[in-house]
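Subject: Structure handover and notes

Dear colleague,

I am passing on the structure we spoke about, with the sequence alongside. Please have it open while you read the notes underneath.

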Amino acid sequence: MIDAFLGIWWAWMAAALVFGLIEVLAPGFIFLGFALGALVMGVLVGLGYAPSAAVLLAVFGGVSLLSWIGLKIAFRRQSSGAKVITEDVNDN
């Protein structure tokens, strides 16, 4: 049963959408990696790649981890624009 469910491309796309919505509600680039992994899996399964459930989940985990690491590297370079205060206003 789980093999048939994981082999459906639209289930992976729905999971990508759910992870994307969770990322919007709880930002921090945590769930965006899972969303990208599920999106890639949806494309792969849609193209006919559907071995076993264990292999599908392993590929999903690997792609999600790689995309999460890539996002951390990409967004680490961006500044938040927050001003760093080095002096206390009460010291005067």
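What follows is an account of the fold, the helix packing, the aromatic rings and a few single residues.

Please keep in mind throughout that this is a predicted model, and that the values below are computed from it.

Overall fold

The secondary structure of the protein consists of four helices and zero strands, so that the order of elements, read from the N terminus, is α-α-α-α. Of the 92 residues in the protein, 20% are buried. If one takes the contacts between residues at least 6 apart in sequence, 60% of them join residues that are at least 24 apart.

Packing of α2 on α3

Helix α2 covers residues 9-25, and its axis comes within 8 Å of that of α3, the two crossing at roughly 165°. Because angles over 145 degrees count as roughly antiparallel, α2 is roughly antiparallel to α3. The crossing of these two helices is left-handed. On the α2 side the contact is made by Trp9, Trp12, Met13, Ala15, Ala16, Phe19, Gly20, Ile22 and Glu23, while α3 contributes Phe31, Leu32, Phe34, Ala35, Ala38, Leu39, Met41, Gly42, Val43, Val45 and Gly46. Sorted by class, the contact of α2 with α3 has 16 nonpolar residues, three polar ones and one charged one.

Packing of α3 on α4

Helix α3 (residues 31-46) also packs on helix α4 (residues 53-76), here at an angle of about 135° and with the axes 7 Å apart. That angle makes α3 oblique to α4, and the crossing of this pair is right-handed. From α3 the contact draws on Leu32, Gly33, Phe34, Leu36, Gly37, Ala38, Val40, Met41, Leu44 and Val45, and from α4 on Leu56, Val59, Phe60, Val63, Ser64, Ser67, Trp68 and Leu71. By class, the contact of α3 with α4 has 14 nonpolar and four polar residues, and no charged residues.

Aromatic rings

The structure holds five aromatic pairs. One of them is formed by phenylalanine 31 and phenylalanine 34, whose rings are tilted, with 6.4 Å from centre to centre and 50° between the planes. Because these two phenylalanines, 31 and 34, are three residues apart in helix α3, they are separated by about one helical turn. Phenylalanine 31 is partly exposed, its relative accessible area being 26%, and phenylalanine 34 also counts as partly exposed, at 35% relative accessibility. Ring pairs link Trp12, Phe19, Phe31, Phe34 and Phe60 into a cluster; of these, Trp12 and Phe19 belong to the α2 side of the contact between α2 and α3, whereas Phe60 is listed on the α4 side of the contact between α3 and α4.

Single residues in α4

Which residues does serine 64 touch, once its neighbours within four places in sequence are left aside? Serine 64, which lies in helix α4, is then in contact with Gly33, Phe34 and Gly37. Its relative accessible area is 4%, which means that serine 64 is buried. The C-alpha atoms of serine 64 and phenylalanine 31 are separated by 9.1 Å, although the two residues are 33 apart along the chain.

Serine 67 is likewise found in helix α4, and with a relative accessible area of 16% serine 67 is buried. With neighbours within four places in sequence again left aside, serine 67 is in contact with Gly33, Leu36 and Gly37.

Is leucine 66, another residue of helix α4, buried or exposed? Leucine 66 is exposed, with a relative accessible area of 63%, and its C-alpha atom is separated by 7.9 Å from that of glycine 33, which is 33 residues away along the chain.

Glycine 61 has its place in helix α4 as well, and at 36% relative accessibility glycine 61 counts as partly exposed. From C-alpha to C-alpha, glycine 61 and glycine 33 are 9.6 Å apart in space, with their positions 28 residues apart in sequence.

With best regards

Technical notes: Residues are numbered from 1 along each chain as its sequence is written. This is a predicted model: local features need pLDDT of at least 70, side-chain atom pairs count only at pLDDT 80 or more; totals for chains, interfaces and linings use all residues. Side-chain values use heavy atoms; hydrogens and water are left out. Axes are lines fitted to C-alpha atoms, for helices over the stretch in contact, and angles run from 0 to 180 degrees between N-to-C directions. Angles under 35 degrees count as roughly parallel, over 145 as roughly antiparallel, 65 to 115 as roughly perpendicular and the rest as oblique. A crossing is left-handed if the near helix is turned anticlockwise from the far one by less than a right angle, and right-handed if clockwise. Contact means heavy atoms within 4.5 Å. Ala, Val, Leu, Ile, Met, Phe, Trp, Tyr, Cys and Pro count as nonpolar, Asp, Glu, Lys and Arg as charged, and the others, Gly among them, as polar. Rings of Phe, Tyr and Trp (its six-membered ring) pair if their centres lie within 6.5 Å; planes under 30 degrees apart count as stacked, over 60 as edge-to-face and the rest as tilted. Buried means under 20% relative accessible area, exposed over 50%, partly exposed in between (1.4 Å probe, protein chains only).
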